[in-house]
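Trainee: Please pick one residue in this chain and look at it closely with me. After that, connect it to whatever else is worth seeing.

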Amino acid sequence: MAGAHQPPDNVAAHAAESDHPELHSVDPLVFFRCGGASVDRVKHSDGAPAARRFRVRKPGPRRSGARGEDTGLDRADQPPGAPGGPGRWTSSAKSGVGTALSGTSRVWFTLSHGILNEIYFPRIDTACVRDLGLIVTGPGGYFAEEKRDARSETRMLEAGVPAFRLVNTALDGRWRIEKTVLAHPRGPVLLQEVVFTLQQGEPADHRLFALLAPHLVNAGADNTGWVDDYKGTPMLFARGTDGVSLALACSAPWRARSVGYVGASDGWQTLSRSGALNPAWRRAENGNIALAGEIDLAEAPGGRFLLALGFGERPEEAAHHALAGLQRGFAEARDAYVEGWRNWQAGLLPLDGVAGSEPTAYRTSTAVLASHQTIEFPGAAIASLSIPWGFHKGDEDLGGYHLVWPRDLVETAGGFLAAGATAEAKAILGYLQAIQEADGHWSQNVWLDGTPYWNGVQMDECAFPILLADMLRREGALTERELARFAPMVRRAAGFILRNGPVTGQDRWEEDAGYSPFTLAVEIAALLAAADILDLSGGAEEARWLRETADTWNDEVERWTFAEGTAICGQLGLGGYYVRIAPADAADAASPLDGYVPVKNRPPGDDARKAALLISPDALALVRFGLRAADDPRIVDTVKAIDAVLKAELPQGPVWYRYNDDGYGEHADGAPFDGTGIGRAWPLLTGERAHYELAAGRPDAAKALLATLERSAGEGGLLPEQVWDADDVPERELFRGRPSGSAMPLVWAHSEHIKLLRSLRDGRVFDLPPQPVRRYQVDKIASPVRCWRFNQKRRALPAGKGLRLELPAAATVHWTLDDWGTIRDDATTETPFGLHVLDLPTVSAPPGTKIRFTFRWRDPERWEGADFLVTVDGETGVAAGHAVRGAK
């Protein structure tokens, strides 16, 4: 068994709960309280935890009625087992996610294993419920839980409308539960219309119970629950320490109600032991609690009844919303909910069925994108309404994907724009402008209000918003006035990249620092896009510096990231390949490719890998963002290496790994990721590969990969972050080619799916920026200089190139070309973006020339205290990406 209902001293039961995603009926929670760092998506961060996002409120004096007053209960009437077992969240394998498209609902819900899982209120980044399901008891000690003891089927009411019909049929055939689930558009209440049908046995001998595990807010600990009435309507109540309450009401009478501590006295425990609730247990304080109520089926005609779960700041508010939901009735809520979604879907491009796509796949993806937004913060969208390996996470783990990642957010905007939802894409750009930091960068990830969660710096996340602004401009979605509004954002972001790139503090997997082909491609494309925008805004000189920097970095991509002569090259007969990432230039290293990468999520002592031997599909970004042609021999060889090392042939087709020796995934036996593991295959990368195939002029291959991507979806058509790639492990619900225990749905993957549909319809890569294609593939622009900076301490300079020193502050450069025989002192010049630059006249310096230099800083005046050396070598200085064109 699992979760909230196993006694804490039952070691075997606890092991089962940790190991089995489906067995989460016991303790509610895994804490993703607002703030902190964990090992999720990139699983590592350099930053410290942020503070909790909600003000902690100490419990106030008890009051009467729905306010939760303890009306004189004796100690004997208090449930035992306080404060309850440790909290756990639930399986990340969602079969449905949804919300009402209205500003008055403020409720987001998830489904898995036939029941409601995490429910979020009042914001999409604050979970308030672990799960809400039903239990059936009967004669002879019969006890069955719908999420464990039934076959579940989940489907949308109609394509693109994320209200769901669930049918749970008992494995023994004794009963069937049919539910329709949606969030009320008129207020913060979640509705379930339920029909219970007994297919075997006597109705009088069977009883039905609702079991609710509150987690207010983002935590299972410190919850208080009680039994009370509101305006004469019996309800179950709970509140947390952060000023949020809930109330559960039923259209049929409650025969009994009870509150208890998880693992000791909660409803699951009492029902499994005795078949009945203990109505004397009316209040449980400051712990991991569960609420339970028996539904009077005799007063539910045809077994039909309505459950209403209301939310509010105070218990009275929550109860009011629950009661109003009952009184308005389900039909009104359903009709308004469906109408809102139908109207939104009707405004999108008709990409249904493009390239043989599954009939409902497109509308599922668009609904997923829209369900992860919030009206309170226009343009904000979280990465996923799921918690990777949530059944294994507790209050001490502050992770989860209900955060905003700027990279994922721009990918989401691209999905919206590809679907024709221009307003949503523009709103995202506006949100990004609002959460940009003062120095021009975006934090690694943030809560909805922009408060940083992790504090890493990822240069691709600083560049993506520029590409979004440019894409909207090129699509004609920004007026001249709107473009002028976003120009300062673009200028600050471009300046940050210029000053701090091209090295990134973390790659797109949020793990390692250095030169990443993916990050380089995004940075360079963004600098060129920013130059176009600033040209239109009167910033010609700024634009010139951006293009010059982009040119210099583009010329160096191969030196930084293209490995030759490795064992992999020998095994596969390759001239070379682009690596996953290489460490930054160091004065004592001949090349970044000679360095080692500390691979995250590996066991202690087994994390160092030589950069030249790490391969990733990330290199295909050089094509996706226009820096290199799909048929460039270096790209072609890299694709061969990627397929040889990283391709998994699964029942649905080929799916790729992030990189070799990845540790972010389940262990070999299927045990959940716990800081180490084995990286599994990512369907997202199949979508990216399809875009590469389209760019290479192979649309049929792209269509086949589209089918693979769609066949990677789980129940309900949701795309997972990862799929299981090994033999089946049924006891852990892991099946080859099916979703693993990581996040599902992954909004990024659904965005890639929509963009792929649009790309296949148009016959070209939808989000390909044109500037790098024109500048580097058509015009073949090369830079006359090579740069030296403190995060880019090059040791060699190609003959015929100038050496540009780029410094963070004003200085006098003390330098020589003849071992200090002749000395010059030249002052740097400040650029428009705050760099201080000096070009040394080295174009005519012969190979072997040693360029030595140091700095005397001006403010405060001091010497650097170290000399630096760059040697002119015999290279031609022609960018490798240009020199090999046609050399097949």
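Mentor: Let's start with Glu688, which is buried because its relative accessible area is just 13%, and buried means under 20% (exposed is over 50%, partly exposed is in between, using a 1.4 Å probe and protein chains only). Before we go on, keep in mind that this is a predicted model, where local features need pLDDT of at least 70 and side-chain atom pairs count only at pLDDT 80 or more, while totals for chains, interfaces and linings use all residues. Residues are numbered from 1 along each chain as its sequence is written, and side-chain values use heavy atoms, with hydrogens and water left out.

Glu688 sits in helix α15, residues 683-695. Helices (H or I, at least four residues) and strands (E, at least two) are DSSP runs, numbered from the N terminus. Leaving aside residues up to four places away in sequence, Glu688 touches Arg508, Arg624, Trp748 and Glu752, where a contact means heavy atoms within 4.5 Å.

Gln771 makes a good companion. You'll find Gln771 in helix α18 (residues 770-778), and at a relative accessible area of 10% Gln771 is buried too. Its side chain and that of Asp470 are joined by a polar contact of 2.9 Å. A polar contact is a pair of N or O atoms within 3.5 Å; within protein, one must be able to donate a hydrogen and the other to accept it, and residues adjacent in sequence count only if both atoms are side-chain atoms. Again skipping residues up to four places away in sequence, Gln771 touches Asp470, Arg473, Leu528, Ala529 and Asp532.

Now zoom out. The protein chain has 19 helices and 33 strands, and buried residues make up 65% of its 888 residues. Among contacts between residues at least 6 apart in sequence, 70% join residues at least 24 apart.

For a whole helix, try α3. Its 14 residues (315-328) should span 20 Å at 1.5 Å a residue, and the end C-alpha atoms are 20 Å apart, which agrees; the expected span is 1.5 Å times one less than the number of residues. The buried residues of α3 include Ala318, Ala319, Ala322 and Leu323. An α-helix has 3.6 residues a turn, so residues three or four places apart point the same way. The buried residues of α3 pack against β9, β11, β12, β13 and β17. Right after α3 comes Gly329, with a positive phi near 90 degrees.

Next, an open sheet: 4 strands in the order β24-β26-β30-β29, with mixed pairing. β24 (785-788) and β29 (829-830) are at the edges, each with a single partner strand, so one side of each has no neighbour in the sheet. Two strands pair if DSSP finds at least two bridges between them. β24 and β26 (residues 802-807) pair in the parallel sense over 4 bridges, and Cys787 stands opposite Arg804 in β26. Helix α11 (residues 540-561) lies across β24, β26 and β30, running at about 90 degrees to β24. Here axes are lines fitted to C-alpha atoms, for helices over the stretch in contact, and angles run from 0 to 180 degrees between N-to-C directions.

Strand β33 (residues 868-873) shows two faces: Phe868, Val870 and Val872 are on the covered one, and Leu869, Thr871 and Asp873 on the uncovered one. In a regular strand the side chains alternate between the two faces of the sheet. β33 runs parallel to β25, joined by 3 bridges, while β31 pairs with β33 in the antiparallel sense over 4 bridges. Look at Thr871 in β33: Ala796 stands opposite Thr871, and Thr871 is also the bridge partner of Lys850.

Last, the backbone oddities. Most residues other than glycine have a negative phi, and most peptide bonds are trans. The bond from Ala82 to Pro83 is cis, with omega near 0 degrees, and Pro83 is in the loop between α1 and β1. Met744 and Pro745 are joined by a cis bond as well, with omega about 5 degrees. Asp661, not a glycine, has a positive phi of about 70 degrees, and at 34% relative accessibility Asp661 counts as partly exposed. Trp820 isn't a glycine either, yet has a positive phi of about 70 degrees; at 27% relative accessibility, Trp820 is partly exposed.
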